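Subject: Handing over a structure, with notes

Dear colleague,

I am passing a structure on to you, and since you have not worked with it before, I have written down what was found in it. Please have the sequence and the structure open while you read.

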Amino acid sequence: MNVLNFVQAFFSDNAHWHGYDGIPTRFVEHVQYSLLALAIAAAIGLPVGLLTGHTGRGGNVIAFVANAARALPSFGLLVLAVLLIGFGLLPVMIPLVVLAVPPILVTTYEAVRTVDPAPVDAARGMGMHESRILFRVEVPVALPLILGGLRSAAIQIVSTATIAAYVSLGGLGRYIIDGLYQRDYEKVVGGATLVAVLALVTLALFWAAGRLAVSPGVRRR
């Protein structure tokens with residue numbers, strides 16, 4: 001059987017659409033893991049990136065931290081976290097957050113730093129507070145790049161959240177891990193297809209968010 005036959009067989013099997021191991025259940029679990037990891041990473045990366053980008057300080061530190069985090073293997077971190085903490089959701093969140101923080105942090109920093117200094121200087125000349133300058137002048141202009149960093153992090157999380165299945169959790173990785181163990185390649189291909197579909201959906205959602213949140217004038221720049 002070729003890949004298309006595996007995909008057709010997987011999705012046409014009614015058993016894959018019902019119960020605790022059904023596609024809707026596993027899909028929701030995967031989305032929950034991904035959203036939680038993205039929220040934690042954004043809560044870390046966005047404030048630090050905005051602050052350092054606005055002040056212009058800490059750029060070298062951010063580059064060092066981002067490069068170091070990118071060099072860490074997600075699966076190795078998962079194994080280490082399980083050994084230190086035990087099984088559960090927390091060991092899964094650690095590698096996913098470590099994976100997602102660098103693109104958010106670096107892109108947010110660079111987005112703010114590349115804002116045209118003329119309107120920033122004009123706002124300071126009018127006596128505007130630094131926080132108002134950041135959120136009313138710099139962030140609206142930097143928003144496309146900031147969303148790009150979040151999009152990149154989200155795609156990486158969606159693709160990597162399959163590791164949750166290694167520690168007996170759910171998600172779409174359950175099909176891949178169980179399929180490999182059972183030598184059920186129909187299930188493996190089906191799970192991989194679902195992950196790819198979710199990644200494409202994520203891309204579409206961020207494209208729509210960019211169309212809604214970014215000013216038309218900024219989009220045309």
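The notes below go through salt bridges, backbone angles, a surface patch and one histidine.

Please keep in mind throughout that this is a predicted model.

Salt bridges

The count of salt bridges in the model comes to five, and three of them are described here. In the salt bridge that joins R26 to E29, the closest nitrogen and oxygen atoms are 2.9 Å apart. Both of these residues belong to helix α2, which covers residues 23-55, and they stand three residues apart, or about one turn of that helix. R26 and E29 are also both buried.

A second pair is found in helix α8, residues 173-182, where D178 and R174 are four residues apart, again about one turn of the helix. D178 and R174 form a salt bridge whose closest N and O atoms lie 3.0 Å from each other, and both residues are buried. As for how salt bridges connect with one another, those that share partners join D21, R26 and E29 into one network.

The third pair is D121 and R124, which form a salt bridge with 4.0 Å between the closest N and O atoms. Because D121 and R124 are three residues apart in helix α6 (residues 117-125), about one helical turn separates them. Are these two residues buried, partly exposed or exposed? D121 has a relative accessibility of 47%, and therefore counts as partly exposed, while R124 has a relative accessibility of 36% and so counts as partly exposed too.

Positive phi angles

Two residues may catch your eye if you look through the backbone angles. S168 is not a glycine, and yet its phi is positive, at about 70°. S168 is placed in the loop between α7 (130-160) and α8, and because its relative accessibility is 61%, S168 counts as exposed.

R183, likewise a residue other than glycine, has a positive phi near 55°. The loop that holds R183 runs between α8 and α9 (185-213), and with a relative accessible area of 67%, which is over the 50% cut-off, R183 is therefore exposed.

A nonpolar patch on the surface

On the surface there is a nonpolar patch of about 840 Å², made by F75, V79, L80, L83, L84, I85, L90 and Y166. Which helix gives the largest share of this patch? That share, six residues, comes from helix α4, residues 74-85. L83, one of the patch residues, has its place in helix α4, and with a relative accessible area of 67%, over the cut-off of 50%, L83 is therefore exposed.

The surroundings of H16

Finally, you may wish to look at H16, which lies in the loop between α1 (3-12) and α2. Its relative accessible area is 10%, under the 20% cut-off, and so H16 is buried. With which residues is H16 in contact, once its neighbours within four places in sequence are left aside? The contacts of H16 are then F10, G22, I23, P24, Y175 and E186.

With best wishes

Conventions: Residues numbered from 1 in each chain as written. Predicted model: local features only at pLDDT ≥ 70, side-chain atom pairs only at ≥ 80, totals over all residues. Heavy atoms only, no water. Salt bridge = Lys/Arg side-chain N within 4 Å of Asp/Glu carboxyl O. Buried < 20%, exposed > 50% of the residue type's maximum accessible area, 1.4 Å probe, protein only. Patch = residues over 30% accessible without salt bridge, like charges linked within 9 Å, V, L, I, M, F, W, Y side chains within 5 Å. Areas by Shrake-Rupley, 256 points an atom, 1.4 Å probe, with all protein chains shown as cover. Contact = heavy atoms within 4.5 Å.
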